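Biologist: Could you walk me through this model, one feature at a time? I would like to learn how to read each of them.

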Amino acid sequence: MKPLSEQISDYLIPWKDMDWPLNPDTIFPSEMPVVLEIGFGDGSFLIDIATRFPDRNYIGIELAWDPIQRLFKKIERLGLENVRVLRCDAGQAMTSLFQHATFDEVFINHPDPWPKERHHRRRLLQREFIRAVALSLKAHGTLTIATDHADYAQWISEILESQEELGNTLNETRVSNLDGRIITRYQKKAQEVGIGNHFFVWKRQVPLGAEKPRDRKEDMPNVALNGQVDLDDVFAGFERQNFQERHRDVDVQINLVRAFKQHGESHYMVETMIKEGRLNQQIGVNVLILAGDKITIKTSAIGFPRATWGVKRALWHVSRMVLAKAPHLKIVNSTVGDLLE
Ligand SMILES: C[S@@+](CC[C@H](N)C(=O)[O-])C[C@H]1O[C@@H](n2cnc3c(N)ncnc32)[C@H](O)[C@@H]1O
């Protein structure tokens, strides 16, 4: 058995280091239709379909590390070349990582039901999430959902019935049996204690392409200032600052958490947390004196930042903070918008 480090490098998709949207053709050795399973748990379903249908590539999304390591062992034992793992929150993956019309099939088997009413907002299958999954499907691509929780089944039915992007492939919204179905661990557990299962098979409706495009990859934002300044004065008494904003119907939270002096240099880094919908980034914003009177404000490589709207706003806020402490500085360049606003 390969050591874990090799399994990670062979089977785990290094999504934080890759360009988004991810292009599955760059992930697998051969180009084939791509199937996604969300929350694969013990991985038996994923391994089973990947073995039965080797003419497809499979991506499994899972948050928990133990199931991922168990899946690695199975992939290796069977020598499968068509299975890769994305360790990521599925909400974040579906809203930020994939181009529309990427998948031929998506499976969500027995998502956590969060039965208590006050926990319903934790359910993965929310209206926006299902819409993002629908948009990730190719024309006529199918979304199959299984649950053994009657209340969650009703919740899922209501969401699916209100989706414009998906159409039912069955006579009813959901059925209690699907011929040829590969049985998952949770499905088996439910059957053993006499609990009924509910299956949904919906497909992507055409036309495609009317939806909003994803944010394109952009150059890293930066700000250039000019003038004499002592950064120790600028960052003296730095206090955590939180900003709540909204961009394209998405809530954006920006927290400037703390500022670190980089020793022996005219350089500070502001640790920054950015939450945009389900996308979380923890990045560093560098404030550097380059040569005498040239000051640059840009992202650090730490945290593999993506040049999202929230990252630009974080730079804007840090730049504004610097300018508030040193208003004599001249703005030479800003790719993050008007700093005098
Ligand atoms: C109830 S188990 C079902 C496992 C498997 N699909 C089955 O049917 O046996 C739910 C799985 O989804 C994973 N999960 C829960 N929330 C997730 C999220 N936001 N992103 C990715 N995986 C998630 C959990 O770690 C767990 O393995």
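**A guided reading**

Modeller: Happily. Let us begin with a loop: Pro21 sits in the loop between α1 and β1 (34-38). Keep in mind that this is a predicted model.

Biologist: Is the peptide bond from Trp20 to Pro21 cis or trans?

Modeller: The Trp20 to Pro21 bond is cis, with omega near -10°. Another backbone detail is at Ala101, in the loop between α4 and β4 (103-109). Ala101 has a positive phi of about 55°, although it is not a glycine.

Biologist: Now the overall layout. Into which domains is the chain divided?

Modeller: There is domain 1, covering 4-204, and domain 2, covering 222-334. Their centres, taken over C-alpha atoms, are 38 Å apart. Eight residues of domain 1 and five residues of domain 2 make the contact. On the side of domain 1 that touches domain 2, one residue is nonpolar, four are polar and three are charged.

Biologist: How should I read the sheets?

Modeller: The general idea is that strands of a sheet pair through backbone hydrogen bonds, either parallel or antiparallel. In this model, one open sheet has seven strands in the order β3-β2-β1-β4-β5-β7-β6, and its pairing is mixed. Its edge strands, β3 (83-87) and β6 (166-168), each pair on one side only. From one strand to the next the twist averages 20°.

Biologist: How many bridges join β1 to β4?

Modeller: Four bridges join them, and the two strands run parallel. For a single pair to look up, take Leu36, whose bridge partner in β4 is Val106. Helix α2 (residues 44-52) lies across β1, β2, β3 and β4, and runs at about 175° to β2.

Biologist: And what is the strand order in the antiparallel sheet?

Modeller: That open sheet also has seven strands, ordered β9-β10-β11-β12-β13-β8-β14, with antiparallel pairing. At its edges are β9 (241-247) and β14 (330-334), each pairing on one side only. Neighbouring strands are turned by 20° against each other on average, ignoring direction. Within this sheet, β12 (residues 279-291) and β13 (residues 294-299) pair in the antiparallel sense over six bridges. Val285 has Thr299 in β13 as its bridge partner.

Biologist: Which helix lies across β8, β9, β10, β11, β12 and β13?

Modeller: That is α9 (residues 309-325), which runs at about 45° to β10 (250-261).

Biologist: What about two helices packing together? At what angle do α1 and α3 pack?

Modeller: Look at the angle and the axis separation together. Helix α1 (residues 4-11) and helix α3 (residues 65-78) pack at about 80°, and their axes are 10 Å apart. Angles of 65 to 115 degrees count as roughly perpendicular, so α1 and α3 are roughly perpendicular to each other. From α1, Leu4, Gln7 and Tyr11 meet Gln69, Phe72, Ile75 and Glu76 of α3. Sorted by character, the residues of this contact are four nonpolar, two polar and one charged.

Biologist: Last, the ligand. How many residues surround the ligand, and which are the closest?

Modeller: The shell has 20 residues, and the closest are Gly39, Gly41, Ala90, His110 and Thr184. The elements giving two or more residues to this shell are β2 (57-62), α4 (90-97) and α7 (185-192). By character, the shell divides into nine nonpolar, six polar and five charged residues.

Technical notes. Residues are numbered from 1 along each chain as its sequence is written. This is a predicted model: local features need pLDDT of at least 70, side-chain atom pairs count only at pLDDT 80 or more; totals for chains, interfaces and linings use all residues. Domain bounds come from an automatic or database domain assignment. Two residues are in contact if their C-beta atoms, placed from the backbone, lie within 7 Å. Ala, Val, Leu, Ile, Met, Phe, Trp, Tyr, Cys and Pro count as nonpolar, Asp, Glu, Lys and Arg as charged, and the others, Gly among them, as polar. A residue is near a molecule or strand if its C-beta atom, placed from the backbone, lies within 6 Å of it. Axes are lines fitted to C-alpha atoms, for helices over the stretch in contact, and angles run from 0 to 180 degrees between N-to-C directions. Angles under 35 degrees count as roughly parallel, over 145 as roughly antiparallel, 65 to 115 as roughly perpendicular and the rest as oblique. Two strands pair if DSSP finds at least two bridges between them.
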